[in-house]
Amino acid sequence: MTTRVRLLDDAAWVSVNDTRVAGVSEVWPVAGAFCSCPLTWLGVEAFVEAGVTGRRVDARVHGHCVVCGESGETGWLPVGRMTDDGFRSVVGARGYRQRSPVFGGRGEV
Ligand SMILES: [Zn+2]
C-alpha cells in the first residue's frame, strides 16, 4: 500500500491519501529543544514539508510556542501513521525524529 503525503492550500494542511489529517491552528505538545519551556506548546502556522517512511507520516512545522512566544521551524515531528483502519494521529507529546523520512516533499508533490 502506498501512502501519499502532500501539502495543500499554501502549506496549511497535510494531506494523506487525499484526506486532510493535520492543519494550521492546531497546538501540538512537543518534547524537544524548540524553546526553553520544559514542554513546547507549538501553535502550528504552516507546514514546511511532509514526508512518509513506510506507514509513518512526519512533518516539519513553522510555528510558535504559545507559552513563551519563541517562533521558528521545527525538525521532523510525527503527525501519525496509517493503520489498517485508516490514518491515526499522534496522541500526546511529540518527540523529534532522529532521521528524515525516506520520502519527503515540499509543496504539492
Ligand atoms: Zn516556550
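## A first look at the chain

What share of the 109 residues in the protein chain is buried? Buried residues come to 42% of them. Keep in mind that this is a predicted model.

The protein chain has eleven strands and zero helices, so reading from the N terminus you meet β-β-β-β-β-β-β-β-β-β-β. Its radius of gyration is 13 Å, close to the 13 Å that the globule rule gives for 109 residues, so the chain is as compact as a globular protein of that length.

## Size, surface and contacts

Along its principal axes, the C-alpha trace of the protein chain spans about 40 × 25 × 20 Å. The accessible surface is about 5900 Å², and carbon and sulfur atoms account for 48% of that.

Now for who touches whom. Take the contacts in the protein chain between residues at least 6 apart in sequence: 46% of these join residues at least 24 apart.

## The zinc site

The zinc ion is held by the SG atoms of Cys 35, Cys 37, Cys 65 and Cys 68, at 2.3 to 2.4 Å. Angles among the four donor atoms run from 107 to 113 degrees, and the site is tetrahedral. Along the chain, the donors follow the spacing C-x1-C-x27-C-x2-C.

Look at where two of these donors sit. Cys 35 is in the loop between β4 (27-31) and β5 (40-53), while Cys 68 is in the loop between β6 (56-65) and β7 (71-73), so this pair ties together parts that are 33 residues apart in sequence. Cys 35 counts as buried, at 13% relative accessibility, whereas Cys 68 is partly exposed, with a relative accessible area of 40%.

Terms used:
Residues are numbered from 1 along each chain as its sequence is written. This is a predicted model: local features need pLDDT of at least 70, side-chain atom pairs count only at pLDDT 80 or more; totals for chains, interfaces and linings use all residues. Side-chain values use heavy atoms; hydrogens and water are left out. Donors are N, O and S atoms within 2.8 Å of the metal (3.2 Å for Na, K and Ca); water is not among the atoms, so sites may look incomplete. Four donors count as tetrahedral if all angles lie between 85 and 135 degrees; four count as square planar and six as octahedral if opposite donors are over 155 degrees apart and all others between 65 and 115; anything else is irregular. Helices (H or I, at least four residues) and strands (E, at least two) are DSSP runs, numbered from the N terminus. Buried means under 20% relative accessible area, exposed over 50%, partly exposed in between (1.4 Å probe, protein chains only). The radius of gyration is taken over C-alpha atoms; the globule rule is 2.2 Å times the number of residues to the power 0.38. Contact means heavy atoms within 4.5 Å. Accessible areas come from the Shrake-Rupley method with a 1.4 Å probe; for residues, only the protein chains shown count as cover.
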